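Trainee: Please take a close look at one open space in this structure and at the elements around it. I should like one connected account that I can follow with the model in view.

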Amino acid sequence: MGILSCTPAEQEAVIPKTIERHPLDRLPDNKGGEIVRKSIDYAGGWDAWEAKENFSFYKIITQLDSVGDVRKKIKQLHQYDMKPHFKANMTWNVAEDDYLIVNTGSSAKKYENGKWLEDDKSKKEAWNSSFGSNYVVQMPFKLTDPGTVITYDNIDSMTYGKPVHAVKVEYEEGAGSSGGMHVWWYYFDAETYDLVANYLDYGNGHSITTYETFEDVDGIRIHNRRLSYSSNEKKEIGLLKTIYENEQMKFDQNFDEALFTLK
């Protein structure tokens with residue numbers, strides 16, 4: 001009997017079902033995958049993370065000049081809806097101007113004083129800053145995302161003054177907003193597997209970010225202070241350029257769906 005003449009029950013038996021892989025099963029069966037699994041356990045474990053619905057925090061960005069003086073400082077409110085898919089709302093103020101970024105998961109826009117900014121720079125910022133900020137604050141859990149390619153790159157004993165596991169992270173083309181474009185190295189404490197730092201090769205430059213301090217947020221260990229330095233092809237730490245601090249981090253708030261609606 002042909003499939004077109006099957007009953008619904010028979011069709012269900014004939015057509016194979018697509019089984020969605022558990023995020024941890026996406027990690028490779030190699031040393032790099034093992035390191036990431038242990039880091040996730042140290043940060044609270046997958047079960048605790050999977051139970052979270054949304055996340056909010058204040059992000060303070062302090063930009064420094066070449067002699068270490070403060071060039072610019074802003075405080076942003078970030079609100080992320082994580083299920084059933086990612087959505088974001090970011091608000092901040094500069095002088096007399098109010099800014100807003102809304103990301104629906106498939107579209108993103110930046111607004112200034114309620115007006116949509118349609119220039120190419122603003123369009124890219126709306127997309128990259130919302131996805132990017134979410135990516136960074138949710139480490140190491142985000143290393144389970146589809147399209148992530150993880151390889152172990154041995155112990156690094158030089159860059160940070162102590163031994164750390166180096167894990168190289170690449171993304172398949174089409175994965176996320178920069179798949180096939182950026183190459184990361186994530187560094188984990190050799191004993192605890194805590195996240196220590198990352199090195200980024202973004203094509204036309206390099207940077208190193210160190211994770212300085214962490215706090216427990218409802219059972220999840222999240223960094224609350226990181227330092228971003230210039231770097232080079234040798235992974236050498238250069239000038240301190242930006243300080244990032246997270247405050248009032250909270251899970252599972254009662255978000256209004258209007259937060260994630262484009263204006």
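Mentor: In this predicted model, the second largest pocket has a volume of about 150 Å³. A pocket is an open set of points on a 1 Å grid over the protein atoms alone, with protein on both sides within 12 Å along at least five of seven lines; lining residues have an atom within 4 Å of a point. A volume is the space filled by probe spheres set on the points, which are joined across faces, edges and corners. Residues are numbered from 1 along each chain as its sequence is written, and side-chain values use heavy atoms without hydrogens or water. Local features need pLDDT of at least 70 and side-chain atom pairs 80 or more, whereas totals for chains, interfaces and linings use all residues.

The lining consists of Tyr 160, Lys 162, Asp 189, Asp 194, Leu 195, Val 196, Thr 210, Tyr 211, Glu 212 and Phe 214. Two or more of these residues come from each of β10 and β11 (strands are DSSP E runs of at least two residues and helices H or I runs of at least four, numbered from the N terminus). The largest share, four residues, belongs to β11. By class, five lining residues are nonpolar, one is polar and four are charged (Ala, Val, Leu, Ile, Met, Phe, Trp, Tyr, Cys and Pro are nonpolar; Asp, Glu, Lys and Arg charged; the others, Gly among them, polar).

Strand β10 spans residues 195-201, and six of its seven residues are buried, so the strand is largely enclosed by the rest of the structure (buried: under 20% relative accessible area; exposed: over 50%; partly exposed: in between; 1.4 Å probe, protein chains only). Its antiparallel pairing with β9 (residues 183-189) comprises six bridges (two strands pair if DSSP finds at least two bridges). Within this pairing, Trp 184 has Leu 200 as its partner in β10. Five residues separate the two strands of that hairpin, where Tyr 193 adopts a positive phi near 70°. Five bridges join β10 to β11 (residues 206-217), again antiparallel, with Asp 201 partnered by His 206 of β11. The hairpin of β10 and β11 has four residues between its strands, and Gly 203 shows a positive phi near 95° there.

Strand β9 also contributes to aromatic contacts, and the whole structure holds 16 aromatic pairs (rings of Phe, Tyr and the six-membered ring of Trp with centres within 6.5 Å; planes under 30 degrees apart are stacked, over 60 edge-to-face, the rest tilted). The ring centres of Tyr 135 and Trp 184 are 5.3 Å apart with planes at 45°, so this pair is tilted. It connects distant parts of the chain, 49 residues apart, with Tyr 135 in helix α4 (residues 120-137) and Trp 184 in β9. Tyr 135 is buried at 14% relative accessible area, and Trp 184 is likewise buried at 12%. The pocket-lining residue Tyr 160 forms a tilted pair with Tyr 187, at 5.0 Å centre to centre and 55° between planes. Here Tyr 160 lies in the loop between β7 (148-156) and β8 (164-171), while Tyr 187 lies in β9, 27 residues away. Both Tyr 160 and Tyr 187 are buried.

Several pocket residues, namely Asp 194, Leu 195 and Phe 214, also occur in the lining of the largest cavity (a set of points where a 1.4 Å probe fits but cannot get out). That cavity encloses about 60 Å³. Its lining includes Tyr 193 of the hairpin, as well as Arg 221.
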